[in-house]
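Work through the exercises below with the sequence and the structure in view. Try each task before reading its solution.

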Amino acid sequence: MKPISKSAFVILSFMSTMSFAQTTIDLYPQVIPNSKPSANEEITEHDGILRVSKITRPTLTIFLAAKEVANGTTVIVYPGGGYRINAIGHEGMDIAKKFNEMGMTAFVLKYRIPNDATMEKREIGPLQDAQQAIKIVRERASEWNINPNRIGIIGFSAGGHLASTAGTHFNKSFIINEAKINLRPDFMILIYPVISFQDSIAHLGSREQLIGLHPSKDQIDYFSNELQITKDTPPTFLVHASDDDVVKVENSVAFYANLNKNKVPAELHIYQRGGHGFGLNNKTTSDSWMDRCKNWMSANGWMKK
């Protein structure tokens, strides 16, 4: 028997992961907004982390909870990747499957990578995709047997920046929304998130990829989501590690402090160690952040059928 080539292994691994998903739909059934004509050069790779790059055709992959355990709550997952890739495996599909075990339907968003060659305005492309995902899930809630008032979002790293942007900028629609579907998520879960674009604590790679090398102060402030919190910001659960040397823990601390200042229900868990990008499993501790998250969701009534 011939050994499996590296490229074939990548494809088989991706197909194996995708087999858990019930279906994948195009995020935009017709014209993709804010896009320039371009070839589809999307690349899927697996080098220990399943990653997708050069994304110009965003999709939504649906993981329906089993009917016997479904509780009506859903979570839209925004994988991380510095706005350069989507870490679609350990920060996407693995998370969706875990939520399924908890009785929740989950959707994994494969969002566009900011690029001047493929977008008219690179800084709003991912946010458009984040809002469109919320819009689709809410307007088709009955089809998927979910509660339209129990739709949350979860983001990791730069996906946490995207999630926190969607959760603080929902009053302005960056997509066509003639039916005025509510774009506010009902709760947010942010895992080692990029939050701020301020010089002192920003993850500069994410900032440069989204708003460029020489952003204005207004741009920096607009996408520093700790500055955009109001009393209407959704309840939020945050997780970070003190020794994260990629995205400073101060991102989560600043967001939590301003949530608390605005009397928004919030919970923050900071681990002593764990670094960055650990996904579901922080190997430095026997504690499970997902168990803490489940407890938080239960306390807020989102685990009830």
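**Exercise 1.** Is His-161 buried or exposed, and which residues does His-161 touch?

*Solution.* The model is a predicted one. Step one is the accessibility: the relative accessible area of His-161 is 0%. A residue counts as buried under 20%, so His-161 is buried. Step two is the location: His-161 sits in helix α4. Step three is the list of contacts. Leaving out residues up to four places away in sequence, His-161 touches Tyr-83, Val-194, Ile-195, Phe-197, Leu-210, Phe-223 and Asn-225.

**Exercise 2.** Find where Val-77 lies, and state how far its C-alpha atom is from that of Val-108.

*Solution.* Val-77 belongs to strand β5, residues 74-78. Its relative accessibility is 0%, so Val-77 counts as buried. Along the sequence, Val-77 and Val-108 are 31 residues apart, while their C-alpha atoms are 4.7 Å apart in space. Val-108 is also one of the contacts of Val-77 once neighbours within four places are set aside. The others on that list are Glu-91, Gly-92, Ile-95, Phe-107, Leu-109, Ile-154 and Phe-156.

**Exercise 3.** Do the same for Gly-125: give its helix, its burial and its contacts.

*Solution.* Gly-125 is part of helix α3. With a relative accessible area of 0%, Gly-125 is buried. Its contacts, apart from neighbours within four places in sequence, are Asn-34, Arg-112 and Met-119. For Arg-112, the separation from Gly-125 is 13 residues in sequence and 6.5 Å in space, C-alpha to C-alpha.

**Exercise 4.** How many residues does the largest nonpolar core have, and which helix gives the most to this core?

*Solution.* The largest nonpolar core has 47 residues. Inside this core, the residues with the most contacts are Leu-60, Ile-76, Tyr-78, Phe-107, Ile-153 and Phe-255. The helix that gives the most is α3 (residues 125-139), with six residues. Now take Ile-76 as an example. Not counting residues up to four places away, Ile-76 touches Phe-107, Ala-133, Ile-134, Val-137, Ile-151, Gly-152, Ile-153 and Ile-154. There is also a second, separate core of 34 residues, which includes Phe-63, Met-93, Phe-99 and Tyr-192.

**Exercise 5.** Check the length of helix α7 (residues 250-261) against the expected span, then decide where its buried residues lie around the axis.

*Solution.* Helix α7 has twelve residues, and at 1.5 Å a residue they should span 16 Å. The end C-alpha atoms are 16 Å apart, which agrees. The buried residues of α7 are Asn-251, Ser-252, Phe-255 and Leu-259. Looking down the axis of α7, these fall within an arc of 90 degrees, so they line one face of the helix. A general rule helps here: an α-helix has 3.6 residues a turn, so residues three or four places apart point the same way. The buried residues of α7 pack against α4 (158-166), β9 (187-191), β10 (236-241) and β11 (266-271). After α7 comes Lys-263, with a positive phi near 60 degrees.

**Exercise 6.** Classify the aromatic pair of Phe-156 and Trp-289, and describe the helix that holds Trp-289.

*Solution.* The ring centres of Phe-156 and Trp-289 are 6.2 Å apart, and the angle between the planes is 65 degrees. Planes over 60 degrees apart count as edge-to-face, so this pair is edge-to-face. Phe-156 lies in strand β8 (residues 151-156) and Trp-289 in helix α8 (residues 289-299), so the pair links parts of the chain 133 residues apart. Both Phe-156 and Trp-289 are buried. Ring pairs join Phe-156, Tyr-192, Phe-278 and Trp-289 into a cluster.

In α8 the buried residues are Trp-289, Met-290, Cys-293, Trp-296 and Met-297. They cover an arc of only 115 degrees around the axis, which puts them on the same side of α8. These buried residues pack against α2 (89-101), β8, β9, β10 and β11.

**Exercise 7.** Which strands stand at the edges of the open sheet β2-β3-β6?

*Solution.* The sheet has three strands in the order β2-β3-β6, with antiparallel pairing. β2 (43-46) and β6 (85-86) each have a single partner strand, so they stand at the edges, with one side of each left without a neighbour in the sheet. Strand β3 (residues 50-53) pairs with β6 over two bridges, and Val-52 stands opposite Asn-86 in β6.

Definitions and conventions:
Residues numbered from 1 in each chain as written. Predicted model: local features only at pLDDT ≥ 70, side-chain atom pairs only at ≥ 80, totals over all residues. Heavy atoms only, no water. Pairing = 2+ DSSP bridges. Helix = DSSP H or I, 4+ residues; strand = E, 2+ residues; numbered from the N terminus. Core = buried A, V, L, I, M, F, W, Y, C linked by side-chain atoms within 4.5 Å. Buried < 20%, exposed > 50% of the residue type's maximum accessible area, 1.4 Å probe, protein only. Contact = heavy atoms within 4.5 Å. Expected span 1.5 Å × (residues − 1). Arc of directions from axis to C-beta. Phe/Tyr/Trp six-rings, centres within 6.5 Å; stacked < 30°, edge-to-face > 60°.
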